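Hi,

Here is the structure I said I'd pass along. Have a look at it first, then read on for what turned up.

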Amino acid sequence: MKSDDYFASLDPQTTFDLAFIDGLDTFEQSKTDLFNTLRHVPIGPILLDDTVPEDEAAALPELAAAIAQRRQSGSKNTSWMGDVWKLVIYIDRYLPQLDFRTIVGSGNEQTLAWRRQPGEAIAEQSGNELGELSYREVFANGIPAQFRPCGEAEALATCLAAVKAQH
């Protein structure tokens with residue numbers, strides 16, 4: 001089931017303690033999924049998958065383009081994460097109501113996000129200029145500090161302390 005259809009089928013009063021967003025691996029769909037999820041997770045963490053691509057090909061928004069670039073370079077690597085990484089920049093720039101940490105060092109980097117205040121309304125911003133960002137400029141020196149990179153234990157401890165304080 002497509003995520004838009006899933007969220008459309010949910011009773012607006014349905015809530016979840018936590019959520020995992022993984023799917024189409026594009027910035028636009030991940031942003032839509034985030035806002036749909038926020039309507040159903042008033043308190044609790046949201047784990048965003050595929051937020052740190054390992055190279056430029058993995059960061060392309062279209063799978064076919066990633067495969068073509070890999071073939072052209074002779075690479076056997078098949079990883080693809082799309083441009084979900086732009087969602088981390090979007091959260092950092094436009095959603096001060098959310099705190100987050102990007103979990104690194106696990107081989108499957110993900111970003112853990114949570115509300116600073118329980119149930120606080122969060123309005124969607126356009127963020128259209130993020131479409132112009134390139135992997136090379138953002139990741140030229142590794143994972144940028146604005147991703148708030150840390151280990152899994154630190155990310156979980158920070159998130160859980162914040163969520164626990166909201167209860």
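Below is a quick tour, from the overall fold to the core and then the cavity.

One caveat first: this is a predicted model, so please read everything below in that light.

**Overall fold**

The chain has 6 helices and 5 strands. Going along the sequence, they come in the order α-β-α-β-α-α-β-β-α-β-α. The C-alpha trace spans about 50 × 35 × 25 Å along its principal axes. For 167 residues, a compact globule would have a radius of gyration near 15 Å, and the chain comes in at 16 Å, so the two agree. Of those 167 residues, 44% count as buried. Contacts reach well along the sequence too: taking those with a separation of 6 or more, 73% are between residues 24 or more positions apart.

**The core**

The largest nonpolar core holds 28 residues. If you want to find your way around it, start with Leu 34, Ile 46, Trp 85, Ile 91, Leu 95 and Phe 147, which touch the most other members. Six elements are listed as giving two or more residues to this core: β1 (19-21), α2 (27-38), β2 (46-48), α4 (85-94), β3 (98-103) and α5 (135-138). Of these, α4 makes the largest contribution, with 6 residues.

Phe 147 is worth clicking on. Leaving out its neighbours within four places in sequence, Phe 147 is in contact with Thr 51, Val 52, Trp 85, Val 88, Ile 89, Phe 100, Arg 101, Thr 102, Val 138 and Phe 139. One of those partners, Trp 85, is also among the core residues that touch the most other members.

There is also a second, separate core, made of 7 residues, with Ile 103, Trp 114, Ala 155 and Cys 159 among them.

**The cavity**

How many cavities of 30 Å³ or more does a search of the whole structure find? There is 1, and about 70 Å³ of space lies in it. Its lining is made up of 13 residues, and those nearest the centre are Ile 21, Asp 22, Gly 23, Ser 30 and Val 84. Helix α2 supplies the largest share of that lining, 3 residues. By class, the lining is a mix: 5 nonpolar, 4 polar and 4 charged residues. Helix α2 therefore turns up in both places if you cross-check by DSSP numbering, giving residues to the largest core and to the cavity lining.

That's the lot for now. Shout if you'd like to go through any of it together.

Cheers

Conventions:
Residues are numbered from 1 along each chain as its sequence is written. This is a predicted model: local features need pLDDT of at least 70, side-chain atom pairs count only at pLDDT 80 or more; totals for chains, interfaces and linings use all residues. Side-chain values use heavy atoms; hydrogens and water are left out. A nonpolar core is a set of buried Ala, Val, Leu, Ile, Met, Phe, Trp, Tyr and Cys residues joined through side-chain atoms within 4.5 Å. Buried means under 20% relative accessible area, exposed over 50%, partly exposed in between (1.4 Å probe, protein chains only). Helices (H or I, at least four residues) and strands (E, at least two) are DSSP runs, numbered from the N terminus. Contact means heavy atoms within 4.5 Å. On a 1 Å grid over the protein atoms alone, a cavity is a set of points where a 1.4 Å probe fits but cannot get out, and a pocket is an open set with protein on both sides within 12 Å along at least five of seven lines; lining residues have an atom within 4 Å of a point. Grid points are joined across faces, edges and corners, and a volume is the space filled by probe spheres set on the points. Ala, Val, Leu, Ile, Met, Phe, Trp, Tyr, Cys and Pro count as nonpolar, Asp, Glu, Lys and Arg as charged, and the others, Gly among them, as polar. The radius of gyration is taken over C-alpha atoms; the globule rule is 2.2 Å times the number of residues to the power 0.38.
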